[in-house]
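Visitor: I have a few questions about the ligand site. Can we take them one at a time?

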Amino acid sequence: MHLSRRGLLYGTAGVAAVSLAACGAGEDSKQLTGFTGIAMPTRASDRWVLEGADLEKRLQDLGYKTILENGEDDVPAQVAQIESMVDQGVEFLIIGAIGNTSLGEVLSKAKDKGVTIIAYDRLILETPDVDYYASFDNYQVGVLQAKHIIAKLGLTQDTTEQYNVELFSGSLDDNNSQYFFQGGLDTLEPYIYGGSVVVPSNETEQDATAIQQWDRKTARTRMAQLLEDHYQDRPLHAVLSPYDGISRGIVEALVDADFEPGSDDFPVITGQDAELRSLKAIKEGTGQTETVFKDTRQLAEVAVDMVKAIVGGGTPDVNDQGTYDNGFKFVPSYLLEPVDVTVENYKEVVVDSEYATEEAIDSAPADVD
Ligand code: BGC
């Protein structure tokens, strides 16, 4: 079994010399009005809908004009939307990219017009024109997911029993996917090498485990196939899932195959994003048992603060300059901390912080096909 090393996937992190000057600030900053184009990637996942509206409101509260578009997972549509924003004279772009390498041309056009470009949550690759990156510690997301599996299965270095675990990863054209996956793999690795965790499908590479566009139904299909091919005669103990929508697709396939959520032989399943439907499953014990909460209100605030700093003639705050290499440079980044959420702490983390109410969780509707 070959496990890719972290360093091979995204290079050794070193502190690069990056200039934080320019980037739209400078002499002309006095004339900046804060006009911002917000390009969100999809409405298929709750978070982007909430964040689009949140970003818009925060910017408008500062008196800045905004344009908000959603690319609906369609790369050419997102390119066209960004192009139109540039034509309409935006000074800033906040972009949650769909295709991580598809924006070079349109960003070059934006840069020619002096637009400041902020990669939002997902890094944009292979272009010199990204100025800042606002995101979370994406590697840590995978670490938290794997740690949940380790804790739930009670794995220690002395464990001699074998546990069957399957791995899922996110969309290959999303730069975050490799970080989530590698964080998970690195954390499970000692147990894999020690023999207490086995992956019966032998699908341990990112390509083989990827779910394009993070699609729930694609995840359901892959899980159904895995069950058919490898689990006729053996138990499945856990599934490393990178995102709540994928987790729910996995649960659907398990239910189709007569696994009973909440029962002892139902596998441990992880997730990400604290989507209402997944919080409901965590609370009621009817599916995944974990999600990783990324407080997207904080992320929106970070991105808006970047715009505000530049409009004010200053330089945005960053807290990482040596992790996110986009192929041209280490992009100055502000990274927030993700939080592990289970039935034990969802109330404190998600409800008490007013991210979601108990009522909203309880009444979350089921997925529709
Ligand atoms: C985000 C995740 C999200 C996923 C699917 C990733 O880029 O970081 O929070 O679950 O996209 O929308």
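Visitor: How far does a polar side-chain atom of D121 lie from an oxygen atom of the ligand?
Guide: Bear in mind that this is a predicted model. Polar contacts are N or O pairs within 3.5 Å. The D121 side chain has a polar atom that meets this with a ligand oxygen, at a distance of 2.6 Å.

Visitor: How much of the ligand's area does the protein bury?
Guide: Start from the ligand taken alone, which exposes 310 Å². The protein then covers part of that area, and the buried share is 99%.

Visitor: Which side chain has an N or O atom 3.0 Å from an oxygen atom of the ligand?
Guide: K294 also places a polar side-chain atom by a ligand oxygen, but at 2.9 Å. The 3.0 Å distance belongs to N176.

Visitor: How do the residues of the shell divide into nonpolar, polar and charged?
Guide: The shell has 13 residues, with R47, D121, R122, D174 and D273 coming nearest. By class they are 4 nonpolar, 3 polar and 6 charged.

Visitor: Between which domains does the ligand lie?
Guide: Look at where the shell residues come from. Both domains contribute to the shell, so the ligand lies between domain 1 (4–136 + 296–336) and domain 2 (138–272).

Terms used. Residues are numbered from 1 along each chain as its sequence is written. This is a predicted model: local features need pLDDT of at least 70, side-chain atom pairs count only at pLDDT 80 or more; totals for chains, interfaces and linings use all residues. Side-chain values use heavy atoms; hydrogens and water are left out. A residue is near a molecule or strand if one of its heavy atoms lies within 4 Å of it. A polar contact is a pair of N or O atoms within 3.5 Å; within protein, one must be able to donate a hydrogen and the other to accept it, and residues adjacent in sequence count only if both atoms are side-chain atoms. Accessible areas come from the Shrake-Rupley method with a 1.4 Å probe; for residues, only the protein chains shown count as cover. Ala, Val, Leu, Ile, Met, Phe, Trp, Tyr, Cys and Pro count as nonpolar, Asp, Glu, Lys and Arg as charged, and the others, Gly among them, as polar. Domain bounds come from an automatic or database domain assignment.
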